[in-house]
Amino acid sequence: MAVSAYEVISTQTLGSAAATVTLSSISQTYTDLVLIVNGVINSGESGIFCQVGNGSVDTGTNYSTTYILGDGSNAVSGRETSATNTFLGRIQADPYNSTSIIHYMNYANTTTYKTFLGKGSDATYAIQQVGLWRSTSAINTIKLSLVSTFTFSAGTTFTLYGIKAA
Amino acid sequence: MTLRYDTRSRVSTYTQSWVSNADPDFGAYESIGTITVGSGGLSSVGFSGIPQTYKHLQLRIMDRNPSGEYISLRMTFNGDSSAVYTSHELYGSGAAAGGTGTIDLTYLTPFLIAPASATGVFGVGICDILDYTNTNKFKTMRSLTGYDANGSGYVELASGVWRDTTAVSSFTIVPNAGTMGQYSQFALYGIKG
């Protein structure tokens with residue numbers, strides 16, 4: 001009989017609106033991280049902007065994203081390069097509760113750049129992304145934010161899981 | 001390299017957990033085995049003797065081609081390389097979205113991996129092999145994969161079917177060109193039903 005390889009690291013439910021959410025001191029003992037964001041924002045819709053780092057987040061232009069999205073009529077693809085964040089998942093204003101799943105692959109290794117997979121949906125779009133952080137540093141901090149002055153609404157949940165390979 | 005599941009190694013893992021933790025967590029998602037590619041690279045990886053005790057399998061990978069363009073990885077089940085596979089992909093290149101489907105392939109194409117020109121960049125992918133022990137169904141997989149190289153790259157959603165009702169006990173992955181480079185990793189997990 002094997003032990004569980006998929007464990008909850010942390011769960012956070014916002015008690016009040018927040019422009020940013022930071023997950024810090026993330027354990028380095030897993031192979032991959034999975035973050036599930038479920039909830040709404042105060043207005044409009046937004047990608048979930050993600051910055052990562054070790055000790056503090058990297059605010060330099062070391063991120064990029066390639067995405068594909070569908071709106072029910074068309075599928076389009078786009079890219080952002082040399083950005084100050086990678087956007088992963090999708091979230092929308094109340095009452096369109098949205099769920100995003102973000103995979104941080106091999107986040108603790110110090111040899112390769114870090115690649116992320118995101119998928120999200122709201123009442124307007126379904127989107128999938130691959131994101132890159134051009135650094136070989138291990139990730140122990142993740143900071144999430146939104147477009148412009150938008151905020152994550154109270155009640156939005158952020159659940160971080162660790163997956164551990166044998 | 002083919003990693004063969006060894007029941008005894010899992011007993012050992014269990015024992016270690018029991019000793020170090022008072023309340024071991026026997027969850028529904030378990031690690032079956034991991035292959036990490038060494039400095040020489042590999043031309044194929046595989047898992048054999050896969051336990052038949054789970055409901056689904058999930059393969060999580062990171063990979064790059066150390067000597068050429070971006071490539072796809074080809075997957076076959078139980079050593080079957082006959083033309084009984086069908087594959088569909090929805091992809092985005094950063095400039096356009098597209099889709100493709102091919103019948104009667106001799107393999108599935110669940111993963112894209114990064115090219116040599118993208119220094120430090122690895123492609124990643126997550127592939128679910130659903131109801132893999134069921135002997136009444138053809139076997140279906142789905143995957144999310146891609147790489148981003150700050151100005152190039154692809155993101156792709158793929159699905160595929162192996163038109164065979166045999167339970168999946170092994171699979172092999174080979175690149176369509178090139179090799180799988182150092183630090184590439186293939187981690188197989190079992191999900192209980």
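Strand β5 of chain A runs antiparallel to strand β10, residues 126-133 of chain A, and eight bridges join the two. This is a predicted model, so please hear every number as computed from that model. A:Thr65 is the residue to find on β5(A), and across from A:Thr65, in β10(A), stands A:Gly131.

On another side of the pairing we have β6(A). β5(A) and β6(A) are also antiparallel, with seven bridges between them. Here A:Ile68 faces A:Ser77 of β6(A). The two strands make a hairpin with four residues between them, and in that hairpin A:Gly72 has a positive phi near 100°. As for β5(A) itself, which covers residues 63-70, seven of its eight residues are buried, so I would call the strand mostly covered.

Now the sheet these strands belong to. In chain A, eight strands form an open sheet, and the order across it is β1-β12-β3-β8-β9-β10-β5-β6. The pairing is antiparallel. In general, strands of a sheet pair through backbone hydrogen bonds, in either a parallel or an antiparallel sense. Which strands sit at the edges of this sheet? They are β1, residues 6-13, and β6, residues 75-83, both of chain A, and each of them pairs on one side only. If direction is ignored, neighbouring strands of the sheet are turned against each other by 15° on average.

At the β1 edge, the partner is strand β12 of chain A, residues 157-163. β1(A) and β12(A) run antiparallel and are joined by seven bridges. To locate the register on your screen, take A:Tyr6, whose bridge partner in β12(A) is A:Ile163.

Next, a single residue, A:Thr141. A:Thr141 lies in strand β11 of chain A, which spans residues 141-145. Is A:Thr141 buried, exposed or partly exposed? It counts as partly exposed, because it has 17 C-beta neighbours inside 10 Å, where 20 or more would make a residue buried and 12 or fewer would make it exposed. Setting aside neighbours within four places in sequence, A:Thr141 has contacts that include A:Thr22, A:Leu23, A:Ser24 and A:Ile26, and also A:Val52, A:Gly53, A:Asn54 and A:Val57. A:Gln28 is 113 residues away from A:Thr141 in sequence, yet the two C-alpha atoms are 11 Å apart in space.

Stepping back to chain A as a whole. Chain A has zero helices and 12 strands. Of the contacts in chain A with a separation of 6 or more, 75% are between residues 24 or more positions apart. Half the chain is covered, in the sense that 50% of its 166 residues count as buried. The C-alpha atoms fill a box of roughly 40 × 35 × 35 Å along the principal axes. The radius of gyration is 15 Å, and because a compact globule of 166 residues would come out near 15 Å, the value for chain A agrees with that rule.

Last, the contact between the chains. Chain B contributes 44 residues and chain A contributes 39 residues. On the chain B side, the elements that each supply at least two residues include α1 (7-20), β2 (29-36), β4 (56-63) and β13 (185-191). Which element of chain B gives the most to that side? It is β2(B), with six residues. By class, the side of chain B that touches chain A holds 24 nonpolar residues, 15 polar ones and five charged ones.

Note on methods: Residues are numbered from 1 along each chain as its sequence is written. Chains are lettered from A and ligands numbered from 1 in the order in which they are written. This is a predicted model: local features need pLDDT of at least 70, side-chain atom pairs count only at pLDDT 80 or more; totals for chains, interfaces and linings use all residues. Two residues are in contact if their C-beta atoms, placed from the backbone, lie within 7 Å. Ala, Val, Leu, Ile, Met, Phe, Trp, Tyr, Cys and Pro count as nonpolar, Asp, Glu, Lys and Arg as charged, and the others, Gly among them, as polar. Two strands pair if DSSP finds at least two bridges between them. Axes are lines fitted to C-alpha atoms, for helices over the stretch in contact, and angles run from 0 to 180 degrees between N-to-C directions. The radius of gyration is taken over C-alpha atoms; the globule rule is 2.2 Å times the number of residues to the power 0.38.
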